[in-house]
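This report describes the pockets of one model, then a loop, a helix and a few single residues. The structure comes first.

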Amino acid sequence: MEKIAVFPGSFDPFTVGHKAILDMALPLFDKIIVAVGVNSAKKYCFDTPQRVRAIADMYSGNPKITVETYESLTVDFCKQRNATVILRGLRNTTDFEYEKTMAQTNRALAGIETVFLMTPPEYEHISSSIVRELLAYGADASKFLP
Ligand code: ADP
């Protein structure tokens, strides 16, 4: 059976931290679906096609990775795609506390396990929100973007 993981996120925008997690996860799964969240109540800095294209263009040569949008509960999207694992990245204990609750909820809801990968220390401080802040002030954020 193919081992399929879903890597869900806002990716607003996709940073070098996200890329590090995805690249580390590649040898662990047969297929990884990067699931770009679309929440009509949420205001994104980059629109959905931009968020998708930034990732899809980067991995266009890699048949293991596909990029899709989704609007449902993450576990429902996983079931539709026959994915048994949710992939998430961890930077610090704040991430851990939040992710623990999500992982336990998703397991209780659907029996779907979450696999966490630790970010490389050099990317620990990088977040999409910091990148958005830099861009808003016209600063050069290119070193944080793959
Ligand atoms: P969400 O809105 O679902 O938190 P994000 O796009 O912010 O979506 O993050 C998606 C995943 O990537 C999360 O698991 C998050 O912890 C992880 N992540 C974000 N930034 C980094 C980073 N610098 N290093 C490793 N993982 C990261």
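The largest pocket is lined by 44 residues, and P8, G9, S10, R88 and E99 are those nearest its centre. The model is a predicted one, in which local features need pLDDT of at least 70, side-chain atom pairs count only at pLDDT 80 or more, and totals for chains, interfaces and linings use all residues. Residues are numbered from 1 along each chain as its sequence is written, and side-chain values use heavy atoms, with hydrogens and water left out.

**Pockets**

A pocket is an open set of points on a 1 Å grid over the protein atoms alone, with protein on both sides within 12 Å along at least five of seven lines; lining residues have an atom within 4 Å of a point. Grid points are joined across faces, edges and corners, and a volume is the space filled by probe spheres set on the points. By this account the largest pocket holds about 1100 Å³, and the second largest has a volume of about 170 Å³.

The table gives the lining by class. Ala, Val, Leu, Ile, Met, Phe, Trp, Tyr, Cys and Pro count as nonpolar, Asp, Glu, Lys and Arg as charged, and the others, Gly among them, as polar.

| Pocket | Nonpolar | Polar | Charged |
|---|---|---|---|
| Largest pocket | 18 residues | 17 residues | 9 residues |
| Second largest pocket | 8 residues | 1 residue | 2 residues |

Helices (H or I, at least four residues) and strands (E, at least two) are DSSP runs, numbered from the N terminus. The elements that each supply at least two residues of the lining of the largest pocket are β1 (4–9), α1 (16–25), α3 (74–80), β4 (85–90), α4 (93–110), β5 (113–118) and α5. Of the lining, α4 gives the most, with 8 residues. The second largest pocket is lined by F11, P13, F14, F46, Q50, R51, R53, A54, M58, L145 and P146.

**The loop between β1 and α1**

F11 is in the loop between β1 and α1, and P13 has its place there too. The peptide bond from D12 to P13 is cis, with omega near 5°. Phi of F11 is near 50°, a positive value in a residue other than glycine. Most residues other than glycine have a negative phi, and most peptide bonds are trans. Buried means under 20% relative accessible area, exposed over 50%, and partly exposed in between (1.4 Å probe, protein chains only). F11 counts as buried because its relative accessible area is 3%.

Rings of Phe, Tyr and Trp (its six-membered ring) pair if their centres lie within 6.5 Å; planes under 30 degrees apart count as stacked, over 60 as edge-to-face and the rest as tilted. The whole structure has 3 aromatic pairs. One of them, F11 with F14, is tilted, at 5.5 Å centre to centre and 55° between the planes. Both of these residues, F11 and F14, are buried. F7, F11 and F14 form one aromatic cluster.

R51, named above in the lining of the second largest pocket, has its charged end over the ring of Y44, 3.7 Å from the ring centre. A charge sits over a ring if NZ of Lys or CZ of Arg is within 6 Å of the ring centre and within 35 degrees of the ring normal.

**Helix α1**

Of the 10 residues of α1, 7 are buried, so the helix is largely enclosed by the rest of the structure. The buried residues are V16, G17, H18, A20, I21, L22 and A25. They pack against β1, β2 (31–37), β3, β4, β5 and α5, where contact means heavy atoms within 4.5 Å.

**Single residues**

F144 lies in the segment after α5 (128–136) and is buried, with a relative accessible area of 16%. Leaving aside neighbours within four places in sequence, F144 is in contact with T15, V16, H125, I126, V131 and L134. From F144 to I126 the separation is 18 residues in sequence and 7.0 Å in space, C-alpha to C-alpha.

N106 is found in helix α4 and is buried, with a relative accessible area of 9%. Beyond its neighbours within four places in sequence, N106 is in contact with V75, I86, G111 and I112.

N82 is in the loop between α3 and β4. N82 has a positive phi, near 60°, and is exposed, with a relative accessible area of 60%.

How values were computed. 1 Å grid on protein atoms, 1.4 Å probe; cavity = no way out; pocket = protein on both sides within 12 Å on 5 of 7 lines; lining within 4 Å.
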